[in-house]
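Let's take a walk through the empty spaces of this protein, starting with those that are closed off and ending with one that is open. Keep the model at hand as you read.

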Amino acid sequence: MKHRFSPLFSIVISLITLLTTGFVTDNTVKQVIAVEKKVAVIFMKVSPDCSSEAACEPGFPAGLRANIHEPRYSAGTYGALISQTMTPFITQATYNHTHMTFTAIVNPNSSNGWFDAPHALERYNDPANNPDPEYIFDDALALAFSVVGDDIATYDSLLVVHNFQSQFGVTYGCGYTPPGGYVTCPMNVPTSLGYVNKLLNLVHIGEHENLDRMMAVLGHELGHVHNLFHVRMGPYDIVGDSPVLVHYGGWSKMRAGWVPEVTDLNSGELTVALDPLEYPGHNVLRIPYMDYGNNFAGHIVECRAKVGFDTKIPEEGVVVSYGSTSYVEGMVGYLEGRQAVIEFPEHDNDYDDAALQPGESFVNQEHNLTITYLYKDSSNRCVVKAIRGQAIGPDPMITPYSESDSGLGYIQYSSRDIWIDSQA
């Protein structure tokens with residue numbers, strides 16, 4: 001529940017809080033040595049034709065095949081755009097834990113640099129013959145080898161771009177990946193001396209409707225490469241449902257091990273200055289309800305600013321989410337198979353009003369939790385006060401009273417609820 005205080009009241013609360021509670025301000029950032037990842041980008045043009053409708057189901061339904069067209073831009077143009085956008089994005093979004101360089105491997109025998117797919121579309125989705133999704137990457141590796149030779153074995157990642165001009169993106173993983181690890185599959189990489197087995201990050205995406213959407217889906221898939229699960233954070237996390245390229249959210253960055261400073265509130269109250277999530281620092285306040293081993297459930301508090309790759313988030317401010325590691329794909333219920341869910345202060349599912357502004361609070365009656373965004377300090381940090389053990393705010397289910405003329409010379413008030421405002 002979202003409550004607004006007057007600016008003066010907010011300042012008074014802030015001053016009193018600084019005197020009576022712990023005030024966490026340390027934003028020391030540890031030096032990180034980036035993992036270098038060389039990404040080979042192969043542009044493969046496929047035909048929408050199938051020998052039968054069933055041959056391309058379920059991976060390539062008719063609706064998807066209807067959006068397979070001639071490539072919009074050349075491989076060289078796409079390669080430059082991917083490199084210019086995604087290299088700085090991954091470096092910033094992972095707080096320099098990963099540095100990716102993208103190299104377009106261009107077909108010298110094509111006017112636009114695209115390769116024709118060596119096989120029909122149904123080859124990549126053959127339910128009758130034990131489908132192997134890695135066929136796509138086998139073909140891409142062979143095409144790349146035909147151009148760059150043994151150099152293809154020096155790459156760590158393989159990105160295949162198709163001429164699907166609609167939403168399409170897949171990341172493949174083979175086996176368990178620990179938190180903070182990279183999702184890979186073993187591949188037989190061709191060389192002049194024969195095949196060598198190597199673990200590669202495997203991603204393929206479509207051109208999409210436009211460049212913005214293409215980069216957003218690529219950022220989403222590269223999140224999966226970093227072992228990030230889906231979240232229900234909308235436009236506040238690119239592994240959520242954002243239509244544009246934005247940062248990974250606080251839950252995602254924390255689970256990946258990128259956040260330098262995390263503060264926990266187990267009971268009582270705490271005031272903390274959170275650095276904007278767009279830069280490494282003191283970025284996350286955790287309020288756990290379950291926390292042992294790799295298992296966690298609780299609230300995550302982060303500070304967001306419209307800077308860099310986050311210029312298109314709906315609004316700046318303090319974002320609260322509920323995260324849980326109890327992830328099951330396709331699970332029905334509150335999390336619906338997503339590891340983190342944004343907590344709307346007004347409980348209205350409105351992403352345009354999902355961030356607390358200075359003087360506003362989020363109240364969770366069930367967990368007796370109040371989170372107040374006090375003010376933004378001179379370093380652009382969000383100063384937040386969290387109280388666990390009491391919820392300061394009216395019950396959102398209280399029905400407002402009504403007024404009517406009693407007919408006896410006075411106003412009659414009525415309500416089905418009794419509301420006592422005393423916190424005692």
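In this predicted model, two cavities of 30 Å³ or more are present. The largest cavity has a volume of about 60 Å³. Four elements each give two or more residues to its lining: strand S4 (98–105), strand S6 (157–162), strand S9 (194–206) and helix H5. If you would like to find the spot, look for the lining residues, among them Met100, Phe102, Leu159, Val203 and Leu222. By class, this lining has nine nonpolar residues, two polar and no charged.

Now move on to the second largest cavity, with a volume of about 40 Å³. Here S6 and S9 are the elements that give two or more residues to the lining. The residues around this space include Ala40, Leu141, Tyr155, Val189 and Lys198. Eight of the lining residues are nonpolar, one is polar and one is charged. Ser157 and Leu158 line this second cavity, and Ser157 and Leu158 also appear in the lining of the largest cavity.

What about the open spaces? The largest pocket has a volume of about 590 Å³. Its lining counts 26 residues, and the closest to the pocket centre are Val183, Asn227, Leu228, Phe229 and Tyr327. Strand S7 (169–172), helix H5 (211–225) and helix H6 (250–256) each give two or more residues to this lining. Helix H5 is thus a handy landmark: it contributes to the largest pocket and to the largest cavity. The pocket lining is made up of ten nonpolar, 13 polar and three charged residues.

How values were computed. Residues numbered from 1 in each chain as written. Predicted model: local features only at pLDDT ≥ 70, side-chain atom pairs only at ≥ 80, totals over all residues. Heavy atoms only, no water. 1 Å grid on protein atoms, 1.4 Å probe; cavity = no way out; pocket = protein on both sides within 12 Å on 5 of 7 lines; lining within 4 Å. Points joined across faces, edges and corners; volume = space filled by probe spheres on them. Nonpolar A, V, L, I, M, F, W, Y, C, P; charged D, E, K, R; others polar.
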